[in-house]
Amino acid sequence: MDLSITELQLIKNSTLLHFDCPNCDSELVHKVAQLLLTGLATACIDNTAGDPFRSYASVAVPLRKDMVDYLTDRSQKFITESILGTAEAVPDQQVEVSDDPAEIISDFMDDFANFKRNLLGRVSGWLLSENREDKIDDFSQDMETDNFWPIDRREGISAIFIKNVDLKRKFHCGEKYDSADKLHEHMSNCTYRKIICENEGCRAKFSAFSKDGHDEVCAYKTVACEQKCGETLLRRDMDRHCITVCKMRMVNCPFYQIGCESAFVQSELAKHCQDFLSSHVLHVLKVVHKREGLNEDELEAHRHKLKESDSWKDLSEARDVRSLTWAVKDLEAKLKRPVSE
């Protein structure tokens, strides 16, 4: 039986055979996958700038292959380049090497796009133009819509690039096992394994170690009202709830426009109207008898007369200026009637 070169190499290195965990930070993988599409769009736009015989789409396929090959090569050489770059640095001069895979891979894509630019694409005026940025955004969206480079394929490639440049193992698992069974057992509990948010309506995907962090901000998480009104609701509805219907929201007194400057939580409206009834009535009397020009003593006399009425407490049921005004007028008219009526 003939064996492939790969199989022969595995047999040759059987004593060194190991199984790597492929898991990476899922959110970072998705981010890099999105960057790949933008990077490809940039290379296509700059490569065909001013060329009437070639469209962006006509070069997308070959440039995609070239870009993947380029990024693979650069990412595999990243460790060596980092070591050499540090060794060749000027003495006493610190060389800062980014440890953010997305930033590193983005720099690689910029280098690739620069390498593929045609003559017009290298003109500074074109590189800084808004028209160029608009074309890149539009072509990226077109490729996304047409599923030219499916997201799952981009994420698979992105994971490889991330593992190649993540020297400190901050964004990928990196565990190795001497058997497939041990790797399988590990992957079911790996903190980098991809999981889906359990909150109904949320489609977010992330690594297991990010679950608590996502849960703290998930818009579809059911949480208690921030103002402690006792209600539970989706986090995404919190602002609207707190502003519009929460009984613990702060409100101005409904008699603010005629003089009461109190503010309180909505649930205390009834208590406020009872506690400040005398004050509210005085404010209303000033409006009702404004044309008569009554002084403070005369207004106080009117209020005192209303207080002595059996219907005084009923006035506290009024929750706005209009209803209290009508209630005060009605009570005053009732008190003016002869007893025989």
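What follows is a walk through the fold, the charges and a few individual residues of this predicted model. Residues are numbered from 1 along each chain as its sequence is written, and side-chain values use heavy atoms, with hydrogens and water left out. Since the model is predicted, local features need pLDDT of at least 70 and side-chain atom pairs count only at pLDDT 80 or more, while totals for chains, interfaces and linings use all residues.

Starting with the overall picture, the chain has 15 helices and 8 strands; these are DSSP runs numbered from the N terminus, with helices (H or I) of at least four residues and strands (E) of at least two. Of the 341 residues, 35% are buried. Here buried means under 20% relative accessible area, exposed means over 50%, and partly exposed is in between (1.4 Å probe, protein chains only). The accessible surface of the chain adds up to about 21,900 Å², and carbon and sulfur atoms hold 51% of that; areas come from the Shrake-Rupley method with a 1.4 Å probe, and for residues only the protein chains shown count as cover. As for contacts (heavy atoms within 4.5 Å), take those between residues at least 6 apart in sequence: 55% of them join residues at least 24 apart.

Helix H7 (residues 130-145) is a good place to look at charge, and Asp138 sits in this helix. A patch of negative charge on the surface brings together Glu130, Asp134, Asp137, Asp138, Asp142 and Asp146. Patches take residues with over 30% relative accessible area and no salt bridge, joining like charges within 9 Å and nonpolar side chains (Val, Leu, Ile, Met, Phe, Trp, Tyr) within 5 Å. Asp and Glu count as negative and Lys and Arg as positive, with His and the chain ends not counted; each charge is placed at NZ of Lys, CZ of Arg, CG of Asp or CD of Glu. Asp138 itself is partly exposed, at 44% relative accessibility.

Salt bridges (a side-chain nitrogen of Lys or Arg within 4 Å of a carboxyl oxygen of Asp or Glu) number 19 in the structure. One of them pairs Glu144 with Arg154 at 3.2 Å, N to O. This pair ties helix H7, home of Glu144, to helix H8, home of Arg154, across 10 residues. Glu144 is partly exposed at 36%, whereas Arg154 is buried at 1%. In helix H14 (residues 296-307), Arg303 and Glu300 are 3 residues apart, so about one helical turn separates them, and their closest N and O atoms are 2.3 Å apart. Arg303 is buried at 12%, while Glu300 is partly exposed at 34%. Lys221 and Asp215 also pair up, at 3.1 Å, N to O. Elsewhere, Asp46, Arg117, Arg132 and Glu133 are linked in a network of salt bridges.

Two loop residues have backbone angles worth a look. Asn147, in the loop between H7 and helix H8 (151-165), has a positive phi of about 55° without being a glycine, and is partly exposed at 48%. Arg169, in the loop between H8 and strand E2 (176-177), is another non-glycine with a positive phi, near 55°.

Finally, Cys273 lies in helix H12 (residues 269-275) and is buried at 1% relative accessible area. Leaving out residues up to four places away in sequence, Cys273 touches Phe255, His280, Ser316, Ala318 and Arg319. Phe255 is 18 residues away from Cys273 in sequence, with 9.4 Å between their C-alpha atoms.
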